[in-house]
Amino acid sequence: MERGKRQKQRKVLLMGRSGAGKSSMRSIVFSHHNAKDVRRLGATVDVEHSNIRFMGNLMLNLWDCGGQDSFVESYLTNQRSHVFTHVAVLIFVFDVSSRDAASDMLSFASTIRALHEFSPNSKIFVLIHKMDLVPADQKTAVFQEKSDGIRATCEEEEFLPEQVGFWATSIWDQSLYRAWTQVIYFLVPNAGTIENMLRKLADLLDASELILYERTTCLVVTHISRGRGKKNPFTDRFERLTSILKTHKHSMARHTGTMVSEVSFTELLVKSGKFMFFITRLTENTNLAVVMPNDEGAFNAARVNVSLAKGEFAYLDIIEKKGKEAQRTARESIAPEEDTRGSEDGELSSQGLNSDR
Amino acid sequence: MHTLFGENILSPAADQVPLPDPFELAFNLYPSASSDTPSKSSPPQNDWLTQLQKQAPTDGATSFSHGTQQGPPPRRKGNPRLLFMGLRRCGKSSVQKVVFQKLPPADTLYLEATNKIEKASMQSFMNFESAEIPTQLPVLSPEYEHATVFTNIGAVIWIIDSQDEYLTSISELLRVAVFLAENYPRANLEVFIHKTDGLSEEYKYDTFREVRQRVQDELSDFGYGDRAVSYYQTSIFDHSIFEAMSKVIMKLLPQLPAMETLLTKLCSTCRIQKAYLFDTVSKIYIATDTSPTFLKDYEVCSDYVDVIVDIKQLYGWLDAPKDAPKDGSQPQNEDPELESEGTQPKIEGVQPKSEASPSKSGSSQPKSAPDTNMLGESMVTFDKGGDNYMYAREISNSLSLICLMGQGSGPDKRKLIEYNVDILHDALLQVFKV
């Protein structure tokens, strides 16, 4: 019961015109379907609610709202307050291939007007979807054009520019994951604390890169790059990693005959002449990927250190569950160990706790 | 050699790797009789067909292409040469492009009909060369210079479209089979029962059985009943085409028994369930151990190779400021990825996202960082006990050993397994040096 109280429920609305691709995205990211399988999805009737546990105690309350005009009408009229209150994030999907851009924009405007009425502090993620249908040379131009138009509409409806983010996506490549990663990053309550702990771990291990990702959806929660890792020319490597891991999961599921959501490996190692890489479990819901430079001794030490550090990170997943007293004791137990690293620890962890909403 | 065009018209050969490749097959037993190197200017191997067609067949080529088994014993060189034949629209170009040129299977819809001999080749561990004969070319008729097409062929692959009516295909196949048995008895005949992706299990099996039965009967009627013909069910939309190609190519390799024995030995000592020697670029395996092969195992190993290659591509970029020329050349591989972030590569499908560059950039970099002679190695563990896992080891630039480990090969035995694999690596080097 306490756990239920302590769970962070975040309401996320997924809206857009009918056929824009909302349910497809949801099924690919959260239900492990293939991009090819989503052709079978029919139109969503009214709202489909899914509660997705994410990172331990973050409960994503995802409202996949049917995009047909009659449903949108009902959201904006009779269900207005029910739908639009307490919204943390609105994800609005624009179909780039739609012929009726003007009415898309109108629908968007009325939606965010309703949103502003009931949840003015929510964040809006605008996904310009189906970008694979745009020829490669026109992609940036089209994206720019669309996002400028939408940005103007948002300003009219009194949303601050920092509340709105724009992403070009397509289910056929990894850009989909990039957008959703940002959504998740925004929603995870203690992202700051996690990052600080990861940074310390990275310094200890002397790793080029640390990537923390959620196990079932393979979405990257956060990452730390240091030293050589920062110069990596692949700026989109995190979403690529997501798609690589997802494909791997699918193939494992086919091989062992189990469900994709239940498949997991305990460790994955790749060593080559230029780097060493391993992925291992970190907490109940997350895995950690570590990229090390080419040194066998450091690599094996890193593996041992990460398994020793697991206990520390377990606190992150449950720290909000136990209530204020537990938070204090947890802070105290972490703080003495990190005393030597400076007194900013106390402030940093309290900063993380204060950022809980 | 005189051609109508200058030599620079011919596409240049791929840049040679600076290190001498120990796997270079030095199999030039009969250079004089070889028709592949007709002139000292040694044109690139891709164009062997163009070369032969332009020349009048006056070289020693014809000396043992016609007639029966006289002349020197099978001079199977290490480069498998394949010929695709079949009726119209049965899928020859698709198979060639999907296997050798990494075309995503969905894009084969846009291929046009072929009206001249199409060649494809892949420079990787082995130089695969294949050619496709369009249906309307009357290769079997006596006035056609079939020597130019059929010389030095390792295998002829006849593709039957199982979703179409296949009886005409079978009769054509028999004509080709008889022709080959008479003129080129050393060429293997393989039959792909293709486009099996949409069919039900029973239908697939029935078609398979029927085709096999008919061909066998008719061949024995003609008196060639002892000719070995192999049948495979394939489809470009899953891994079956790669498995079939692997088996076809395995038959053309003279080193196969040696590799098989080595792998079987390794499997028995290290409790490995299945081991494959993969050609990393094409994902065709060139050897496996003698336990029964299932498509499932091949699929998971092939996907695993994808994962490794992709991860290596993401993190295997080189960062050595002291080595200016090398540094200049390496990031070129990744630059196209950088600029074209807009053109996102496919994540679906079974092919790795990029061409040969990742495996090359992965391992041997002779100059820059200290320990780069170390060849890549990878492992994925499925369960806590550490028993069920997959192990991969790079043997050379484009050859990898992938093993599916079984019970009893847990973490405490890992060092021993690595030692054994090292020994296998050295043994393979020796096999190919010879």
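In this predicted model, helix 2 (residues 92-100) of chain B packs against helix 6 (residues 240-252) of chain B, with axes that come within 11 Å and cross at roughly 85°. Because an angle of 65 to 115 degrees counts as roughly perpendicular, helix 2 of chain B is described as roughly perpendicular to helix 6 of chain B. The residues that meet at this crossing are Val95(B), Val98(B), Val99(B) and Phe100(B) on the side of helix 2 of chain B, and Ile241(B), Phe242(B) and Met245(B) on the side of helix 6 of chain B. By class, the contact between these two helices consists of 7 nonpolar residues, with no polar and no charged residues taking part.

Aromatic rings provide a second theme, for the structure holds 15 aromatic pairs over all chains. In one of them, the ring centres of Phe92(A) and Phe94(A) lie 5.2 Å apart and the ring planes stand at 55°, so that the pair is classed as tilted. Both partners are buried: the relative accessible area is 2% for Phe92(A) and 3% for Phe94(A). In chain B, Tyr276(B) and Phe278(B) form a pair with an edge-to-face arrangement, in which the centres are 5.8 Å apart and the angle between the planes is 70°; the pair is assigned to this class because its angle is over 60 degrees. Tyr276(B) is buried at 0% relative accessibility, and Phe278(B) is likewise buried, with a relative accessible area of 0%. These two residues belong to one aromatic cluster, which they form together with Tyr285(B) and Tyr298(B).

Tyr276(B) also takes part in an arrangement of another kind, since the charged end of Lys274(B) sits over the ring of Tyr276(B), at 5.5 Å from its centre. An arrangement of this kind is found in chain A as well, where Lys11(A) lies over the face of Trp63(A), at 4.1 Å from the ring centre.

A further position considered in chain B is Arg175(B), which is placed in helix 4 (residues 167-183) of chain B. With a relative accessibility of 46%, Arg175(B) counts as partly exposed, because this class covers values between the 20% limit for buried residues and the 50% limit for exposed ones. Although Arg175(B) and Leu219(B) are 44 residues apart along the chain, their C-alpha atoms are separated by 9.7 Å.

Notes: Residues numbered from 1 in each chain as written. Chains lettered and ligands numbered in written order. Predicted model: local features only at pLDDT ≥ 70, side-chain atom pairs only at ≥ 80, totals over all residues. Heavy atoms only, no water. Axes fitted to C-alpha atoms, helices over the stretch in contact; angles between N-to-C directions. Helix = DSSP H or I, 4+ residues; strand = E, 2+ residues; numbered from the N terminus. Parallel < 35°, antiparallel > 145°, perpendicular 65-115°, else oblique. Contact = heavy atoms within 4.5 Å. Nonpolar A, V, L, I, M, F, W, Y, C, P; charged D, E, K, R; others polar. Phe/Tyr/Trp six-rings, centres within 6.5 Å; stacked < 30°, edge-to-face > 60°. Buried < 20%, exposed > 50% of the residue type's maximum accessible area, 1.4 Å probe, protein only. Lys NZ or Arg CZ within 6 Å of the ring centre and 35° of its normal.
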